[in-house]
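Thanks for sharing this one. Here are a few friendly notes on the aromatic pairs and the pockets, to read alongside the model.

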Amino acid sequence: MTIKVFRSDQLGAPIINGVAGTLITALDAILVNGYGQVDVSSLSRVSSTAMVVTASPHGFETGDAALIAGAGQAEYNGEHVVTVIDSTSYTFAVAGEPATPATGSITSKRAPGGFSKAFAGTNKAAYRSNDTASLRHYFRVVDAGMTSGGSREALLTGFVTMSDIDTGTDPFPTTAQYPNGFYWQKSGTADAVGRHWVLVTDGKTGYHFAYID
């Protein structure tokens with residue numbers, strides 16, 4: 001199990017602020033797509049260690065997970081925990097004996113958190129874990145500025161099953177506990193000033209910390 005740490009100061013990190021919809025855009029990047037993509041100048045292998053040289057700074061720290069794509073040799077592609085050499089090079093362990101150097105139009109970016117976007121609407125989305133060993137319940141985020149806090153916060157509700165973005169079963173918290181779900185604080189002000197944030201996930205559960213002032 002790889003624990004991934006996402007921060008607002010990382011290369012290509014999305015902005016979270018007091019504007020409606022920005023949390024959805026950020027969660028798409030953090031959980032589903034990854035971010036900070038750069039081109040790979042070369043990818044070679046010595047024994048079971050692959051060396052990546054990027055065309056521009058990669059933005060990783062040792063222990064981060066990189067997502068390699070576009071290599072003509074499948075063993076290089078996918079998620080890999082990296083050991084950083086310098087700002088434009090890092091290594092990772094590779095299985096098998098793929099040809100070296102790798103061929104293709106290769107890219108590197110920060111690997112996403114391991115979730116899928118199951119349903120979407122205007123300024124709202126429902127996500128679930130890709131890990132089949134988890135319960136794979138849904139969490140629905142509404143970032144439409146519809147609370148008393150307006151666009152400074154979003155609403156979060158979990159569901160056991162969902163059939164569309166607005167329909168789910170067995171909500172948690174229940175409507176009796178919190179009629180609108182939990183409140184997800186984004187910013188102390190309703191403006192476009194980006195806030196510092198950290199999100200930590202193991203692909204099943206996530207923790208988000210926002211510096212709202």
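1. Tyr 138 counts as buried, because its relative accessibility of 11% falls under the 20% cut-off. Please keep in mind that this is a predicted model. Phe 119 is partly exposed, with a relative accessible area of 22%.

2. A search of the whole structure finds six aromatic pairs. One of them joins Phe 6 and Tyr 35, whose ring centres are 6.1 Å apart and whose planes meet at 55 degrees, so this pair is tilted. Phe 6 belongs to strand 1 and Tyr 35 to strand 2, so the contact ties together parts that are 29 residues apart in sequence. Both Phe 6 and Tyr 35 are buried.

3. Phe 119 and Tyr 138 also make a tilted pair, at 6.1 Å centre to centre with 35 degrees between the planes. Here strand 9 holds Phe 119 and strand 11 holds Tyr 138, so the pair ties together parts that are 19 residues apart in sequence.

4. Ring pairs also link Phe 115, Tyr 127 and Phe 139 into a cluster.

5. Now to the pockets. The largest has a volume of about 530 Å³. Its lining has 24 residues, and among those closest to the centre are Phe 115, Phe 139 and Lys 204. Strands 10, 11, 12, 15, 16 and 17 each give two or more residues to this lining, which divides into 12 nonpolar, nine polar and three charged residues.

6. The second largest pocket holds about 190 Å³ of space. Its 14 lining residues include Arg 140 and Thr 157, which are among those nearest its centre. Strand 12 supplies the largest share of this lining, four residues. The lining divides into nine nonpolar, four polar and one charged.

Definitions and conventions
Residues numbered from 1 in each chain as written. Predicted model: local features only at pLDDT ≥ 70, side-chain atom pairs only at ≥ 80, totals over all residues. Heavy atoms only, no water. 1 Å grid on protein atoms, 1.4 Å probe; cavity = no way out; pocket = protein on both sides within 12 Å on 5 of 7 lines; lining within 4 Å. Points joined across faces, edges and corners; volume = space filled by probe spheres on them. Nonpolar A, V, L, I, M, F, W, Y, C, P; charged D, E, K, R; others polar. Phe/Tyr/Trp six-rings, centres within 6.5 Å; stacked < 30°, edge-to-face > 60°. Buried < 20%, exposed > 50% of the residue type's maximum accessible area, 1.4 Å probe, protein only.
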